[in-house]
Number of protein chains: 2
Amino acid sequence: LILVNGKRADSISVLDRGFQFGDGVFETLRVSNGKIRYLDDHLERLNSGCQRLQINVPSRSIVQEELRKVVAEYAEGVIKIVVTRGNSQRGYRFTPGLESNRVISFSPAPQFSLENTQVGVRTRVCEIRLAQNPVLAGIKHLNRLENILARAEWQDESIAEGILRDSCGNVIEGTMSNLFFIKNNRLHTPLLEQCGVSGIVRNRVLQYAKDLNTICMEDEIKYQDIVQYEAAFMCNSVIGIWPIREVIGEKSFMNHPLTRKLQERLNTDDA
Amino acid sequence: LILVNGKRADSISVLDRGFQFGDGVFETLRVSNGKIRYLDDHLERLNSGCQRLQINVPSRSIVQEELRKVVAEYAEGVIKIVVTRGNSQRGYRFTPGLESNRVISFSPAPQFSLENTQVGVRTRVCEIRLAQNPVLAGIKHLNRLENILARAEWQDESIAEGILRDSCGNVIEGTMSNLFFIKNNRLHTPLLEQCGVSGIVRNRVLQYAKDLNTICMEDEIKYQDIVQYEAAFMCNSVIGIWPIREVIGEKSFMNHPLTRKLQERLNTDDA
């Protein structure tokens with residue numbers, strides 16, 4: 001099921017600036033038991049991403065109505081919302097206030113082993129570095145060649161995620177997730193001021209940490225320093241939280257009670 | 001006129017990875033007198049861009065055949081070729097060897113004042129900086145949010161181009177062009193090892209300089225050092241070469257005989 005500007009369709013104009021230039025933003029939402037998880041957070045981030053890129057924000061009530069249509073048909077799976085700046089002729093220049101395009105599409109839920117959640121996953125470090133641009137940092141925009149090339153670095157199915165560094169050697173995120181590290185019952189997660197996507201679950205975890213009176217630092221985390229941490233986990237809206245049990249060739253992490261506590265919190269969160 | 005994978009159409013699948021992630025490359029070709037200028041250079045860059053991004057290179061003879069169809073209808077204007085990695089389901093991962101999509105579209109030639117070519121243009125420096133990533137540097141890929149946001153910084157029609165710096169303060173390019181500077185009858189153009197697009201006309205100019213026994217250095221050019229140059233010009237496949245007569249608030253450049261010599265060379269170049 002795909003809705004293009006509200007209508008069932010499977011294609012978009014070639015004049016769409018998402019197609020021409022990656023000129024847009026997206027959200028990936030988990031539908032579970034007929035309910036979209038963290039819906040308000042996603043819609044909020046969609047709005048703020050559009051605003052930062054000067055893209056016309058689609059009406060929230062229209063988007064919500066379209067999401068309801070999808071969920072009415074599919075109670076389990078993943079919904080992707082893409083909002084682009086709209087259609088225009090050739091050239092980078094755009095008319096302010098251009099009507100944006102939105103594409104809402106449903107995919108079945110990906111199947112993951114329970115082991116990922118319970119025991120944890122193996123990860124590797126990626127060769128490609130993330131470029132630094134504070135103007136784009138945090139936004140879930142459609143310029144994703146770095147993530148794509150990073151994900152293309154390995155084919156081994158037993159590796160769940162690749163760890164991305166910036167050009168200074170700071171750990172930033174996974175190709176499709178945010179990262180947290182644990183030491184002395186404190187959480188540490190990379191600062192996303194220069195690059196990376198500000199994840200919905202990442203922000204939830206920052207909130208849970210406050211609720212649990214657990215200190216969580218947004219830090220510069222050098223890749224060579226990850227060996228100092230006791231535990232680590234990755235997170236996103238589709239997978240939730242997965243402990244990282246290994247960064248191949250670098251470090252084995254223990255399973256940590258704080259990770260389990262955050263998983264429980266996330267699972268029972270009603271938002 | 002738009003050809004999508006060879007067929008007249010005006011839309012592309014929403015599963016296209018160009019639309020999903022900006023996962024592709026493009027070329028902008030000038031058609032003049034029923035002939036595509038620098039065609040081989042463009043096809044060569046298209047191929048090398050695809051190869052660097054591990055995108056299936058479209059058959060050159062098929063692309064040429066499709067270009068012939070367009071030129072048969074339109075003798076003057078601009079052709080844009082977009083090649084994306086192809087269609088796929090959600091997620092950054094791709095299947096190696098995926099069949100790429102190609103979209104070839106025609107636009108009328110933009111109308112510019114002759115003054116731009118003869119007297120030169122006014123430019124400004126952009127606030128936004130280009131992020132540095134050697135893996136993507138030089139490629140005319142579809143991740144163009146930086147160029148778009150740069151072009152959105154001014155509306156004044158009397159300003160023809162914005163000058164882009166990287167995060168270190170090096171001048172790299174214009175939003176839609178490459179830059180050259182002249183001092184003591186030597187050409188200087190920014191190194192494009194960390195960011196920027198390796199332009200077709202830029203590479204021609206490097207070749208012409210050799211033919212003319214004029215030294216051309218690919219340099220790190222600090223923005224604060226541009227005041228030291230006597231003259232400057234911008235270039236791309238659609239506009240050719242335009243002298244830069246001013247960087248607003250920074251520097252007025254003289255008109256230089258070397259720029260005119262290069263313009264003549266470019267105009268009479270048969271390739």
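This is a short tour of a predicted model, stop by stop. Residues are numbered from 1 along each chain as its sequence is written, and chains are lettered from A in the order in which they are written. Local features need pLDDT of at least 70, and side-chain values use heavy atoms, without hydrogens and water.

**Stop 1: the sheet of chain A.** Select the strands (DSSP runs of E, at least two residues). Six of them form an open sheet, in the order β2-β1-β7-β6-β4-β5, with antiparallel pairing. Two strands pair if DSSP finds at least two bridges between them. β2 (7–8) and β5 (35–36) stand at the edges with a single partner strand each, so one side of each has no neighbour in the sheet.

**Stop 2: β6 and β7 of chain A.** Pick residues 77–84 and 101–107; these strands pair over seven bridges. Click A:Val82: its bridge partner in β7(A) is A:Val103.

**Stop 3: helix α3 of chain B.** Select residues 60–73, a helix (DSSP run of H or I, at least four residues). Which residues of α3(B) are buried (under 20% relative accessible area, 1.4 Å probe, protein chains only)? They are B:Val63, B:Glu66, B:Leu67, B:Val70 and B:Val71. Seen down the axis, they fall within an arc of 140° (directions from the axis to the C-beta atoms), so they line one face of the helix. On the other side, B:Arg68 and B:Ala72 are exposed (over 50%).

**Stop 4: both chains.** A rotation of 180° with 0.0 Å of shift along its axis superposes chain B on chain A, with RMSD 0.0 Å (least squares on C-alpha atoms of residues with pLDDT of at least 70 in both). The two copies are thus related as by a two-fold rotation axis.

Technical notes:
This is a predicted model: local features need pLDDT of at least 70, side-chain atom pairs count only at pLDDT 80 or more; totals for chains, interfaces and linings use all residues. The expected span of a helix is 1.5 Å times one less than its number of residues.
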